[in-house]
Amino acid sequence: MPTSKADIYNRTLANLGQLSGQEIADPDEESVNANALNRFYPESLDSFLEECWWGFARKYQFISLDGSTPPEHWTYAYTYPSDSVSPRFIVGDAPEDRIEFEEGQSAGGLAVIWTDRKNAELCYTARVENYNAWGGAAITAFSFKLAADSAALFSGGSKNAELLQGKYEFALDKAMDVTHARGEPRREDNKELIDFRHGEDPSERFSSRFDNKL
């Protein structure tokens with residue numbers, strides 16, 4: 001059965017204990033419940049998608065050169081994809097190749113990606129709101145995430161939020177197990193890929209890169 005954003009909202013209300021007689025027909029409707037969930041939905045969605053390298057949200061795209069000047073230790077600056085939640089890696093010449101990159105900000109304040117790769121193709125986690133592409137475990141986990149984040153606006157307050165956060169963490173772990181079984185790495189399981197992002201010590205990386213050029 002197709003899953004819509006309204007379905008996600010009603011699952012969330014059920015998790016909050018607020019569903020009785022209060023179903024949301026349209027997420028854009030002017031109801032108290034819809035307005036409350038809309039306040040948290042964008043950040044909750046991005047935060048959830050960042051939790052794991054979900055297969056349903058994986059996207060490859062050749063990214064466009066940005067007009068800004070990259071730092072001296074990088075060759076190219078690229079525009080950050082508008083639907084990107086979290087870059088994974090830049091594709092190399094062979095399937096196993098992973099090209100170093102760094103996320104940054106241009107002088108104009110826009111998010112950019114710096115790398116030495118010409119004609120860079122980025123693999124990233126995209127902001128996917130087609131819930132028919134999601135797995136059932138991921139939908140369940142996200143509905144608990146949204147419930148925990150928005151709980152302060154509903155009856156039960158912080159006490160209910162703590163309970164929902166625990167339920168979310170349990171559901172998230174189950175959803176990660178499902179996606180991991182399909183061959184998608186959990187973030188903590190694949191340090192090699194993460195090291196191609198800016199999370200490692202940049203002084204060590206840049207020093208190593210300069211040494212290799214000497």
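1. A good place to start is K5: its charged end sits over the ring of Y41, 4.1 Å from the ring centre. Please keep in mind that this is a predicted model. A second arrangement of this kind involves R98, whose charged end lies over the ring of F89, 3.9 Å from its centre.

2. Y41 also belongs to an aromatic cluster, which it forms together with Y9, F48, W54, F56, Y131, W134, F142 and Y168. Across the structure there are 13 aromatic pairs.

3. Take F48 and Y168 from that cluster. Their ring centres are 6.4 Å apart and their planes meet at 55 degrees, so the pair is tilted. F48 lies in helix α2 (residues 32–50) and Y168 in helix α4 (residues 157–181), so this pair ties together parts that are 120 residues apart in sequence. Are these two residues, F48 and Y168, buried or exposed? Both are buried.

4. W134 and F142 are worth a look next. With ring centres 5.7 Å apart and planes at 50 degrees, this pair is tilted. Both W134 and F142 are buried, and both are members of the aromatic cluster that includes F48 and Y168.

5. Finally, do visit D66, in the loop between β1 (58–62) and β2 (76–79). D66 is buried yet has no salt bridge. Where is the nearest side chain of opposite charge? That is R127, 17 Å away. Leaving aside residues up to four places away in sequence, D66 touches A77, Y78, T79, S106 and V112.

Methods. Residues numbered from 1 in each chain as written. Predicted model: local features only at pLDDT ≥ 70, side-chain atom pairs only at ≥ 80, totals over all residues. Heavy atoms only, no water. Phe/Tyr/Trp six-rings, centres within 6.5 Å; stacked < 30°, edge-to-face > 60°. Helix = DSSP H or I, 4+ residues; strand = E, 2+ residues; numbered from the N terminus. Buried < 20%, exposed > 50% of the residue type's maximum accessible area, 1.4 Å probe, protein only. Lys NZ or Arg CZ within 6 Å of the ring centre and 35° of its normal. Lys, Arg positive; Asp, Glu negative; His and termini not counted. Salt bridge = Lys/Arg side-chain N within 4 Å of Asp/Glu carboxyl O. Contact = heavy atoms within 4.5 Å.
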